[in-house]
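Here's a quick briefing to read alongside the model. Have the viewer open and follow the residue names as they come up.

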Amino acid sequence: MRNARSLLLFALLALFAGVCLAHGVADDDKAYFEQAAGVNLIPFTYLGAKHMVTGYDHLLFLVGVIFFLYRLKDVGSYVTLFAIGHSVTLLAGVLSETHVNPYAVDAIIGFSVVYKALDNIGALEKILGFQPNTRAAVLIFGLFHGFGLAAKLQELALSRDGLVPNIVAFNVGVEIGQLLALSSILIAMGYWRRSAMFARQAFSANVVLMICGFVLMGYQLTGYFTQQGA
């Protein structure tokens with residue numbers, strides 16, 4: 001119990017720090033985005049990878065997705081579905097100029113973390129009376145994660161010159177960042193799963209994951225309603 005409380009406290013502190021310091025577009029990156037004109041494939045690829053690696057909400061969801069996946073074939077299948085989902089809406093959202101409220105989308109992304117944690121502890125079937133299709137859920141939430149990424153870019157004054165190849169490069173960077181982050185997560189999970197403590201800590205870890213999702217939802221919903229009341 002002491003370990004679980006320490007883990008919970010650490011996760012919440014890390015999350016609050018992340019909410020304050022991460023996942024927006026850094027000022028220097030924002031300046032580059034808005035000043036760039038023409039085709040800039042390598043810089044946009046780098047920025048896409050950087051954004052994904054620091055995107056704590058996307059990473060929390062991925063942790064939930066792979067938590068009980070032991071075969072690389074299964075990991076690849078689920079991560080591919082997630083990648084397809086967020087790639088479609090990232091590209092379509094930016095290129096078609098489909099505007100969405102970033103707070104609302106990020107609240108749904110927070111809910112995706114809650115949903116996967118509930119799924120991992122077997123609560124969804126008890127709550128709903130049936131077990132939802134996990135693959136479909138990962139794909140659908142991937143679409144919302146892509147809109148979240150698109151919403152961040154839509155806040156910037158991007159040049160139309162070279163926009164299509166630059167956004168494609170950004171999306172490729174996102175996939176590279178996802179693979180790098182996922183590799184680190186899988187290595188850490190592999191060591192943890194081999195320990196005798198994993199079976200006892202798995203439930204508590206998913207409760208922590210669920211709380212992090214609720215914190216994300218609360219933070220984004222607060223921003224949404226504050227914006228509506230302004």
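What follows runs from the overall fold to one helix, one glycine and a surface patch.

This is a predicted model. The protein has 10 helices and zero strands, and buried residues account for 47% of its 230 residues.

**Overall fold**
- Going along the sequence, the pattern reads α-α-α-α-α-α-α-α-α-α.
- Take the contacts between residues at least 6 apart in sequence: 86% of these join residues at least 24 apart.
- The accessible surface adds up to about 11,700 Å², and carbon and sulfur atoms hold 68% of that.

**Helix α6, end to end**
- Helix α6 covers residues 102-120, which is 19 residues.
- From first C-alpha to last, α6 reaches 27 Å, close to the 27 Å expected at 1.5 Å a residue.
- Why call α6 largely enclosed by the rest of the structure? Because 15 of its 19 residues are buried, and buried here means under 20% relative accessible area.
- At the N-terminal end, N101 acts as the cap for α6, with a side-chain oxygen 2.9 Å from the backbone nitrogen of Y103.
- Just past the other end of the helix sits G122, and its phi is positive, at about 75 degrees.

**G64, a glycine with no exposed area**
- G64 belongs to helix α4, which spans residues 56-66.
- Is G64 buried or exposed? G64 has a relative accessible area of 0%, so it counts as buried.
- Leaving out residues up to four places away in sequence, G64 touches K116, N120 and L209.
- K116 and N120 are four places apart, and both numbers fall within the 102-120 range of α6.
- An α-helix has 3.6 residues a turn, so residues three or four places apart point the same way.
- G64 and V113 are separated by 49 residues in sequence, yet their C-alphas are 6.9 Å apart in space.

**The nonpolar surface patch**
- Which residues form the nonpolar patch on the surface? They are V53, L95, V164, V168, V172, I176 and L180, with about 530 Å² of accessible area together.
- Helix α9 (residues 163-193) supplies the largest share of the patch, five residues.
- L95 is another patch member, and it is found in helix α5, residues 72-95.
- L95 has a relative accessible area of 31%, so it rates as partly exposed, between the 20% and 50% cut-offs.

Terms used
Residues numbered from 1 in each chain as written. Predicted model: local features only at pLDDT ≥ 70, side-chain atom pairs only at ≥ 80, totals over all residues. Heavy atoms only, no water. Helix = DSSP H or I, 4+ residues; strand = E, 2+ residues; numbered from the N terminus. Expected span 1.5 Å × (residues − 1). Buried < 20%, exposed > 50% of the residue type's maximum accessible area, 1.4 Å probe, protein only. Polar contact = N/O pair within 3.5 Å; in protein donor to acceptor, adjacent residues only side chain to side chain. Contact = heavy atoms within 4.5 Å. Areas by Shrake-Rupley, 256 points an atom, 1.4 Å probe, with all protein chains shown as cover. Patch = residues over 30% accessible without salt bridge, like charges linked within 9 Å, V, L, I, M, F, W, Y side chains within 5 Å. Salt bridge = Lys/Arg side-chain N within 4 Å of Asp/Glu carboxyl O.
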